[in-house]
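Good morning, everyone. Please look at the screen for a moment. I will keep this short.

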Protein chains: 2
Amino acid sequence: MKVVTIVGLGLIGGSMAKDLRNADPSLTFIGVERNPANAARALELKLVDSVLPLKDAVAAADVIFLAIPVTAIRQLLPTILNIIPTQAIVIDLGSTKGQLCQAVEHHPNRQQFVAAHPIAGTENSGPEAALEGLYQGKMNIICEREKSSEEAIAKALQIFETVGLNTIFMQPEEHDKHVAYISHLSHVSSFLLGLTVLDVEKDEKNIFTLAGSGFASTVRLAKSSPDMWAPIFEQNAHFLSHALGEYIFYLQRFQQYLQNNDQEKMYEMMQQANKIRPVLDGITQAAEAAAAEKS
Amino acid sequence: MKVVTIVGLGLIGGSMAKDLRNADPSLTFIGVERNPANAARALELKLVDSVLPLKDAVAAADVIFLAIPVTAIRQLLPTILNIIPTQAIVIDLGSTKGQLCQAVEHHPNRQQFVAAHPIAGTENSGPEAALEGLYQGKMNIICEREKSSEEAIAKALQIFETVGLNTIFMQPEEHDKHVAYISHLSHVSSFLLGLTVLDVEKDEKNIFTLAGSGFASTVRLAKSSPDMWAPIFEQNAHFLSHALGEYIFYLQRFQQYLQNNDQEKMYEMMQQANKIRPVLDGITQAAEAAAAEKS
């Protein structure tokens, strides 16, 4: 691997470039970026060595990463597979997998594509948001492993290991269902909590002087980019709508208990929810272990 | 002030004891604690010098803090006001104010009571959870200032300043409405998000290996103590139910857009929610300034 092309020079693509360059300074990085300001900034930050049109960037590449919104990935991937050099591979880093895998199911070069999803990110976006070590110790999911060539999978796994990702394998449906609950629903709940509180604030100017760290934590994801998340929600509408329905059902039940002053039932629900503690402690420990490994 | 009595030796009461003792080592701290294990642990941790029955602890006190669940505060406060020494004051640190203020509205010793709510805490509870500096740089709300004596307010303000709290004044209704949105709703949304995801996990054993820092942040408050929160929700049922209704309304609208594939509307909602960013940056800056001041 000599030339890495990164389509989309934001948080995800930029962080990948940083860590791969740190691991092997001899690599050349080419960026593809529609937004001229982001392209210029990515060059300034030396995330990439040059920014080229897609066709040239693909022609020169050994590995191509797609780090753009998931609808753009779905549109672009067939084109890229049409023109990809024989020895190259293309890896997408998007947060949904079902529709994408379906879109290229019968493409003659499907085996040069690896469908991946590193579970990593922050609420920030753009080249400035790129972070060294973003992927260290995080989980990564590859879908439809059997549809990629052995060589493509081996190459992708080596790259993911370089940046510290732990890869597991899943089918696209299973992936999309899991992330609907574990990631996409958190984003929706946070976006709409932010909206609800902002809505009241219109009339109550000083409400936010009262907000503490608990509110900040719960609503942090409401800062996330709609450009990235609207496409994810659209592509995962089926599973996300189901998850959202269950969440609304629980909220309505709780509201009922609240209105009926049924403390016992409210207490029970909270006690059940407390079982999330060991789960979260596990996530925190994994993050701390990754941070220790990194330093 | 020589003797401080703290009723409830958990996160809130214990943290208050730690900081007041650091500021003035000559103070004597008496604890009142129903749970024998917590009482023993609080003595071991030197949060208090002794643990006494309520009557004796009140009789000896210059200042009494109530740091117990809000329903217990409401039950206990009239009794304490019946037996409080003439020069002493009692300050409650609970998260709801309407019902409590009403309960002692006509008590002959009402002027010795200060109704306060420091907006500080973590998702942990018990004596072990007590933290030095918990209150540093945080907001504190005193309700019905005019019903406390000038001396009581002056004494309370001095104490709050000692632990780094910035105090503002509000009426109980205004307070309860604001915290319903800015604090209680976040807790409900987090408890029920935890419950929703745990519910799916019953069938999907490995779902949590996929959870990232975003999920952890959004669901952190689901670890909070039901013993503390069930009473808060009960006492703030009116405003919280209203806030919850608006939240559910937004979630349902979003689900509708999702099902209709109305990306534009979803995008708009997220873009609106993004306006929470400067608000959160303000909260973070305040927390950082407080941490810097402390160190």
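I will go from the chain contact to the helix pairs, then to the domains and a few single residues.

First, some ground rules. This is a predicted model, where local features need pLDDT of at least 70, side-chain atom pairs count only at pLDDT 80 or more, and totals for chains, interfaces and linings use all residues. Residues are numbered from 1 along each chain as its sequence is written, and chains are lettered from A and ligands numbered from 1 in the order in which they are written.

Let's start where the chains touch. How many residues of chain B are in contact with chain A? On the chain B side there are 84, and they meet 84 residues of chain A. Two residues are in contact if their C-beta atoms, placed from the backbone, lie within 7 Å. Six helices of chain B give two or more residues each to that side: H7 (172-201), H8 (213-219), H9 (226-235), H10 (237-259), H11 (263-273) and H12 (276-294). Helices here are DSSP runs of H or I with at least four residues, strands are runs of E with at least two, and both are numbered from the N terminus. H7(B) gives the largest share, 21 residues. By type, the chain B side has 48 nonpolar, 27 polar and 9 charged residues. Nonpolar covers Ala, Val, Leu, Ile, Met, Phe, Trp, Tyr, Cys and Pro; charged covers Asp, Glu, Lys and Arg; the others, Gly among them, are polar.

Now two helix pairs across the chains. Two packed helices are described by the angle between their axes and the distance between the axes. Take H11(A), residues 263-273, against H9(B). Their angle is about 140°, and their axes are 10 Å apart. Axes are lines fitted to C-alpha atoms, for helices over the stretch in contact, and angles run from 0 to 180 degrees between N-to-C directions. H11(A) and H9(B) are therefore oblique to each other. As for cut-offs, under 35 degrees is roughly parallel, over 145 is roughly antiparallel, 65 to 115 is roughly perpendicular, and the rest is oblique. The crossing of H11(A) and H9(B) is right-handed. A crossing is left-handed if the near helix is turned anticlockwise from the far one by less than a right angle, and right-handed if clockwise. Among the residues in this contact are Met266(A) and Tyr267(A) from H11(A), and Trp229(B) and Phe233(B) from H9(B). The contact counts 7 nonpolar, 2 polar and 1 charged.

Is H9(B) mostly covered or uncovered? Mostly covered: 9 of its 10 residues are buried. Buried means 20 or more other C-beta atoms within 10 Å of a residue's own, exposed means 12 or fewer, and partly exposed is in between, with C-beta atoms placed from the backbone. The cover on those buried residues includes H10 and H11 of chain A, along with H4, H5, H7 and H10 of chain B.

H11(A) also packs on H7(B), at about 65° and with the axes 8 Å apart. This crossing is left-handed. Met269(A), Met270(A), Gln272(A) and Ala273(A) meet Phe191(B), Leu192(B), Gly194(B), Leu195(B) and Leu198(B). That contact has 7 nonpolar, 2 polar and no charged residues.

Next, inside chain A. The domain assignment gives domain 1 (3-169) and domain 2 (175-294); such bounds come from an automatic or database assignment. Their centres, over C-alpha atoms, are 29 Å apart. The contact takes 17 residues from domain 1 and 22 from domain 2. On the domain 1 side, H4 (70-83), H5 (98-103) and strand E7 (139-143) each supply at least two residues. That side divides into 4 nonpolar, 11 polar and 2 charged.

Last, single residues. Pro78(A) sits in H4 of chain A. With 13 C-beta neighbours inside 10 Å, Pro78(A) is partly exposed. Beyond four places in sequence, Pro78(A) is in contact with Ala103(A), Val104(A) and His107(A).

Glu144(A) is in the loop between E7 and H6 (150-162) of chain A. Its phi is near 50°, positive in a residue other than glycine. Is Glu144(A) buried or exposed? Buried, with 20 other C-beta atoms within 10 Å.

Finally, Ile182(A) lies in H7 of chain A. Ile182(A) is buried too, with 24 C-beta neighbours inside 10 Å. Thank you.
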